[in-house]
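The following exercises ask you to read a protein structure step by step, first through its charged side chains and then through one of its sheets. Please try each task yourself before you read the solution.

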Amino acid sequence: MFASQINTCNGFYCDWFRPNNISKPTMWTENWTGWFHKFGASIPHRPVEDIAFAAARFFEKGGSFLNYYMAHIYQAPGKTNQRSSALCCAFVANVDTSQNANVTFNGNNVSLPAWSVSILPDCQNVAFNSAQVVAQTSVPAMRPSIEPNSIKSWESYQEPVGLWGNITISANNLLEQINTTLDGSDYLWYTTSVNIIAEDLQGEVQQQLTISSTRDALQIYINGNFSGNHTFAKSSLSVNQSIKLIIGHNEIALLSMTVGLQDYGYRYDRVSAGLSGSINLKGLRSGDKELATQQWRYQVGLKGEALKIYTQEGANSILWTSELQAPWTQYLTWYKTSFATPSGSDPVSIYLGSMGKGQAWVNGNNLGRFWPSLLISETDCSQTCDYRGKFTPKKCRTDCGQQSQQWYHIPREWLQPNQNLLVVFDELGGDVSKIYVATKTVATICVHVLESYPPQLDSWSQFQAQPKVQPMLLTPEARLECQDNQVISSINFASFGNPQGNCKAFHQGNCHAKNSVEVVKEACIGKQTCSILVSSATFDTEPCAGISKSLAIKAQCQAISSTSLKTKLEI
């Protein structure tokens, strides 16, 4: 017996892909709905219209299977095969990146926005167009936990500098970090020593430690004293650090820190970490000293990691200091506290935006790395985001000048019924007093639907059940939905006409039905879900004859338990 293998496609677009044997299905296993988010780099966003375009093109070109595991399932063209009785199904595409098109297909006119695909499940009526995705925008809110004693007082433990254990490695060269740590820790201590005579320190020349290559972060300690911190968010760089030496024996301890391993790209498994090249002492009167080829001793990981002080058992095995004072600028410090489990079922998160760089654990479970002290470059963002044209990771980038990440999700499965252990290790020093636990809930929901859009796909079930209903007569809907145990409590904005803007800032255009808010309130207030037909008949008016109109709505969701009848009736 021989195992059968099926080659598949991964990428932003796979309409070009063909399997290596005509008897095999055409499978798209990874539709890249976005791109990697790196510390210190702006955040890439792939427009949903482009994702839908790529999916529709894949099936148009004969695709058999598209795996949705990389994204939440939305009303995408992969569902168009739901009408098993259909004798004809057509995909009509416009791949131009700027010009709209009108084509005649099967005797019917089909309007195609640029860079879009229309799907006609009966070869007559458009059921879906990839540039006209009707989807609600949900804006979350982080609500601080109001449980009594949610965050208790903090205690600290100072991580020792340099060698801390009996198990060390010695070598007369610089070792590559990943092969040394075996990915058991982000941290590797490089330590060595040097003797300095009095004559070397005479004069006004400042001594320098230079390192030709390192990544991703490095801290330098001379005789146990902190001398400098270097971080490299984008690539490996050289280091030139002023240091203070003493006459006689000097201990040099270099803490190399990674922020993850390369996981894609050509020969990604051979990307190295740690220190490499030369390490020089400069500014000595007797001349420079090359240190890279002398004896180095290595310590893998941190003492706190070895003791597992992020677990309850490990935390109980050491003596913590309870006297913490601002400012919080102590390097290589562990912090410990406990917090109450928030009530309810909403997702739980923790705010770490006040910290420097490090890792956090809840009840022994690693939440991941944080690095809020490294801000995103002010010049890395896109001024506009046009879905038309092929997506690249350099397109549609946002959040310049902001922190890469502030919030970290805590799975409720990790939480105890009452108190939970929170341990934070910070390499740079941060303000733990500003850390807090919150629950994430949907606060604001928005939708914007044009009356020229095709009706929602599930409207076709009405056509199936009632053959006399013509699909072309079906009307698109604006649908709103709060999460479980919530209702729509207020309408912030509603306009049928030509409203402008987006969920952050809708505003009326020069065409507006005056009763827009009242109609939406009547349909939605006090309900978890609601829908409004996007047509002039719904609003009993034709605000601007002869132009295509749309309906934009912005609403608030609120927990049922705290929503009174009065609140439901207010705007």
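E60 and R57 are three residues apart in helix α1 (residues 48–60), so about one helical turn separates them; helices here are DSSP runs of H or I with at least four residues, strands are DSSP runs of E with at least two, and both are numbered from the N terminus. The model is a predicted one, in which local features need pLDDT of at least 70 and side-chain atom pairs count only at pLDDT 80 or more, while totals for chains, interfaces and linings use all residues. Residues are numbered from 1 along each chain as its sequence is written, and side-chain values use heavy atoms, with hydrogens and water left out.

**Exercise 1.** Determine what joins E60 to R57, and decide whether each is buried, partly exposed or exposed.

*Solution.* Begin with the rule that a salt bridge needs a side-chain nitrogen of Lys or Arg within 4 Å of a carboxyl oxygen of Asp or Glu. The closest N and O atoms of E60 and R57 are 3.2 Å apart, and the two residues form a salt bridge. Next, recall that buried means under 20% relative accessible area, exposed over 50%, and partly exposed in between (1.4 Å probe, protein chains only). With 26%, E60 is partly exposed, whereas R57, with 13%, is buried.

**Exercise 2.** Find which parts of the chain the salt bridge between K336 and E155 ties together.

*Solution.* The side chains of K336 and E155 meet at 2.8 Å, N to O. Since K336 lies in strand β22 (residues 333–340) and E155 in strand β11 (residues 155–158), the pair ties together parts that are 181 residues apart in sequence. K336 counts as buried at 15% relative accessibility, and E155 as partly exposed at 25%.

**Exercise 3.** Work out which strands stand at the edges of the six-stranded open sheet, and then place I252.

*Solution.* Write down the order first, which is β12-β21-β13-β18-β15-β16, with antiparallel pairing; two strands pair if DSSP finds at least two bridges between them. β12 (169–171) and β16 (225–231) each have a single partner strand, so one side of each is left without a neighbour in the sheet. Inside the sheet, six bridges join β15 (residues 217–222) to β18 (residues 248–257), and I220 has L254 as its bridge partner in β18. I252 lies in strand β18 and is buried, with a relative accessible area of 0%. Beyond its neighbours within four places in sequence, I252 has contacts (heavy atoms within 4.5 Å) that include Y190, Y221 and L291.
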